[in-house]
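Biologist: I would like to understand the words people use for protein structures. Could we go through them with an example?

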Protein chains: 2
Amino acid sequence: MPGGRKQRVTLVTLGVADLERARQFYEAWGWVPEEANEGIVFFQGNGLVIALFGLEELAEDQARPEATLGFGAMTLAQNYGTIAEVDERFRAALAAGATMLKRPQEASWGGYSGYIADPDGHVWELAMNPYWTLDEWGSTDLRDPAA
Amino acid sequence: MPGGRKQRVTLVTLGVADLERARQFYEAWGWVPEEANEGIVFFQGNGLVIALFGLEELAEDQARPEATLGFGAMTLAQNYGTIAEVDERFRAALAAGATMLKRPQEASWGGYSGYIADPDGHVWELAMNPYWTLDEWGSTDLRDPAA
């Protein structure tokens with residue numbers, strides 16, 4: 001299935017107005033965080049990771065004004081193992097008609113990341129995170145001792 | 001990991017203004033559809049499924065006016081194997097402070113589904129789809145011959 005490995009969601013990031021309130025909601029719903037670093041909370045899901053992250057920081061990371069994100073904003077991330085793969089997928093997205101939001105570049109968290117929007121405004125991050133291991137399908141597991 | 005199996009994303013549905021345009025974009029980006037039924041296109045991802053679905057139909061399915069969905073609207077779905085699990089997760093979400101959008105009910109597509117919004121407006125569908133098989137983590141694979 002040639003397209004399969006491109007059709008991945010490694011990370012879903014929910015932009016939230018109040019990180020503590022959001023975390024309390026998900027914990028009250030029965031979720032258990034895997035990691036909580038400053039300003040971000042990660043939950044391990046089925047292959048993918050679900051993160052809570054401040055709306056302001058999410059807007060900054062996307063290089064968009066916060067107001068354009070709106071209520072219920074979230075981004076889907078596709079992670080790849082190398083910078084070259086991120087660049088290739090980014091170029092392919094633009095060639096397919098995507099809007100460039102942020103050209104792939106070194107990120108403050110130690111990886112490499114860019115953002116595009118599809119024709120309906122859905123935002124995809126294309127990223128390489130040197131601290132996360134991926135299986136051949138692009139899934140990640142934060143509980144992996146190698147991660 | 002007691003919370004793990006609740007922290008699932010089985011389906012990401014991207015609301016689109018023009019299904020054919022959206023499908024062309026994703027195919028041009030290298031994705032290969034697994035199934036295309038009337039009005040919806042499914043791509044098999046890493047455990048989860050990514051769907052393209054009309055914005056109007058998505059709004060109707062959520063029992064919300066289309067205008068409130070906005071640009072880039074999408075929903076995340078958690079699928080469970082039984083109606084009882086959907087009901088339990090729905091009640092737990094309300095108890096945790098979620099907003100009810102649509103009480104779980106029989107759906108036109110043959111399953112059972114309800115919608116809630118988290119405190120930041122992220123929309124979760126809680127569903128039982130009798131035509132999809134789930135592994136113990138809540139992942140689904142449309143290529144599974146049993147599915």
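Modeller: Below we take some structural terms one by one and hold them up against this example. The model is predicted, and local features need pLDDT of at least 70, side-chain atom pairs count only at pLDDT 80 or more, while totals for chains, interfaces and linings use all residues. Residues are numbered from 1 along each chain as its sequence is written, and chains are lettered from A and ligands numbered from 1 in the order in which they are written.

Biologist: What makes L58(B), D61(B) and Q62(B) in helix 2 of chain B buried?

Modeller: A residue is called buried if 20 or more other C-beta atoms, placed from the backbone, lie within 10 Å of its own (exposed means 12 or fewer, partly exposed is in between). L58(B), D61(B) and Q62(B) are buried by that rule. As for the helix, residues 55–62 form helix 2 of chain B, where a helix is a DSSP run of H or I with at least four residues, a strand is a run of E with at least two, and both are numbered from the N terminus.

Biologist: How do you know which side of helix 2 of chain B they are on?

Modeller: They cover an arc of only 95° around the axis, so they lie on the same side of helix 2 of chain B. That arc is taken from the directions from the helix axis to the C-beta atoms. In general, an α-helix has 3.6 residues a turn, so residues three or four places apart point the same way.

Biologist: Why are strand 2 and strand 6 of chain B said to stand at the edges?

Modeller: The open sheet of 8 strands in chain B has the order 2-3-4-1-5-8-7-6, with mixed pairing. Strand 2 and strand 6 of chain B each have a single partner strand, so one side of each is left without a neighbour in the sheet.

Biologist: What makes strand 2 and strand 3 of chain B a pair?

Modeller: Two strands pair if DSSP finds at least two bridges between them. Strand 2 and strand 3 of chain B have 3 bridges, in the antiparallel sense. Within this pair, A36(B) stands opposite V41(B) and N37(B) opposite I40(B). Their hairpin has 2 residues between the strands, and G39(B) takes a positive phi near 85° there.

Biologist: How many residues of chain A are in contact with chain B?

Modeller: Contact requires C-beta atoms, placed from the backbone, within 7 Å. With that rule, 46 residues of chain A are in contact with 46 residues of chain B.

Note on methods: Contact = placed C-beta atoms within 7 Å.
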